[in-house]
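Visitor: I should like a close look at a single part of this model. Please follow one element through its surroundings, stating the criteria as you use them.

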Amino acid sequence: MKIGIITHYYGSLNYGGNLQAYALCRYLNELGHVAEQISYDKSCDPAFWWSGKAKQILKTGQRLLVPKRKTTGSHDSDMVAQLIARRNKKILQFNSDVIPHTEKVYTAKTITQANKDFDLFITGSDQVWHPYAVCGAYLLDFVDPALPRASYAASLAVEKLTAHQERRYKKSIKKFAAVSVRESQSIEQIQKMTNVKVVQTLDPTLLVSASMWEELCAERQVKEDYVFAFFLGADALPRTRAAEFAKRKSLKLVTIPYLQGEERACDRDFGDFQLYDIGPQEFLSLIRYSCYVFTDSFHASVFSLLFQKQFFAFTREDIKGMASRLTSLTEMFEARQRLCDTPEKCLSAYLINAQEIDYTRPFRQYDEQLDTSKTFIKNICLGEEYGYPSQEN
């Protein structure tokens with residue numbers, strides 16, 4: 001079966017997002033199908049144009065209001081911009097060379113042409129159904145009525161939808177042959193407005209084995225023993241705790257600065273080793289060879305668990321919905337003590353003395369969800385359970 005997947009792949013600079021895009025293709029292809037990401041240029045989609053324009057105006061206003069900083073560190077602003085650009089180029093090279101994808105780049109005007117190339121369409125994983133990022137393509141509105149459409153671990157990422165948003169989703173999702181979401185809170189939301197059966201499935205990065213991720217890893221990046229700190233948010237406290245922890249353990253602190261694509265004060269002078277030339281494969285390596293991981297990233301937490309690392313996950317002040325994802329993940333691996341979501345669990349004394357994760361025991365909840373996820377994928381590819389015929393591989 002030829003399967004077209006649409007998610008935040010084309011032009012993405014997000015390590016976790018790109019690795020989940022790779023993982024779903026990899027898993028489906030190992031089942032004997034031909035799966036690839038649909039290269040969809042969402043910048044040309046009207047649903048994204050206005051939000052992107054608003055962000056551009058906001059950033060321009062901030063630059064005009066905030067005086068240009070006089071640099072005193074080892075790199076001036078121009079050098080930092082060059083380093084970030086080099087990192088971005090490496091990430092996009094991974095997307096091009098490693099992730100299976102369509103050579104043709106589609107837009108909102110041409111996406112219907114993809115109907116002739118695939119037998120099944122899947123939207124997800126990731127926040128493809130976030131109300132402020134969704135578009136017709138991510139809801140598979142372009143798919144021919146004769147072809148099956150499904151979602152895999154799609155995320156709404158919000159606790160409540162407006163009446164207008166519910167009507168928008170209902171119109172599209174009721175046409176799906178099968179629906180699965182990433183967060184449990186989305187199940188009730190979608191079932192209520194569509195009467196469609198919804199299944200909770202794992203993020204694609206958890207579908208494939210740790211040994212497969214080890215094969216994809218780059219070689220070791222840092223010779224010394226180290227703590228790897230990977231922070232997407234700008235919160236100061238987690239960074240302070242990571243630096244204190246590394247010092248207490250007599251370990252180097254390794255970081256990837258300016259992950260939001262521009263210079264930030266919170267990352268300035270943070271870390272003994274600030275690494276820029278890091279693509280997704282090097283990102284995996286930094287987790288695999290670390291002694292400890294400090295992060296506010298869902299996917300960095302996932303790979304810490306897969307590589308059996310002792311890690312600390314912090315919630316982000318700027319993204320409230322992140323807490324539920326990290327809670328579900330750590331509970332699934334019986335590692336709730338590693339989620340620093342209270343003031344007490346953010347104290348240095350707690351971090352130093354925290355109970356370690358016992359990776360020798362089975363994780364039954366994870367095994368059950370993995371079985372559910374694999375069964376869901378098997379069924380949407382076979383087709384019979386959802387009322388459409390299967391296709392030849």
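Guide: Two strands are said to pair if DSSP finds at least two bridges between them, the strands (E, at least two residues) and helices (H or I, at least four residues) being DSSP runs numbered from the N terminus. The model is predicted, so local features need pLDDT of at least 70 and side-chain atom pairs count only at pLDDT 80 or more, while totals for chains, interfaces and linings use all residues. Residues are numbered from 1 along each chain as its sequence is written, and side-chain values use heavy atoms, leaving out hydrogens and water.

The part chosen is strand β7, residues 226-230. Five of its five residues are buried, that is, under 20% relative accessible area with a 1.4 Å probe and protein chains only. In a regular strand the side chains alternate between the two faces of the sheet. In β7, Tyr226, Phe228 and Phe230 lie on one side, with Val227 and Ala229 on the other. Both faces are covered.

β7 has pairings with β8 and β10. With strand β8 (residues 252-255), β7 pairs in the parallel sense over four bridges, and Ala229 of β7 stands opposite Thr255 of β8. Between β7 and β8 the chain passes through helix α7 (residues 236-248). This β-α-β crossover is right-handed: with the strands pointing away from the viewer, the path from the first strand over the helix to the second runs clockwise. Strand β10 (residues 292-295) also pairs with β7 in the parallel sense over four bridges. There, Tyr292 is the bridge partner of Val227.

Ala229 and Thr255 also appear together in the lining of the largest cavity. A cavity is a set of points on a 1 Å grid over the protein atoms alone where a 1.4 Å probe fits but cannot get out, and lining residues have an atom within 4 Å of a point. The other residues of this lining are Phe231, Arg239, Ile256, Pro257, Asp267 and Phe270. The largest cavity has a volume of about 40 Å³, and the structure holds two cavities of 30 Å³ or more.

The second largest cavity has a volume of about 30 Å³. Phe231 and Arg239 occur in the lining of the largest cavity and in that of the second largest. The lining of the second largest cavity further includes Asp235, Pro238, Asp296, Thr315 and Arg316. Each volume is the space filled by probe spheres set on grid points joined across faces, edges and corners.

Technical notes. Buried < 20%, exposed > 50% of the residue type's maximum accessible area, 1.4 Å probe, protein only. 1 Å grid on protein atoms, 1.4 Å probe; cavity = no way out; pocket = protein on both sides within 12 Å on 5 of 7 lines; lining within 4 Å.
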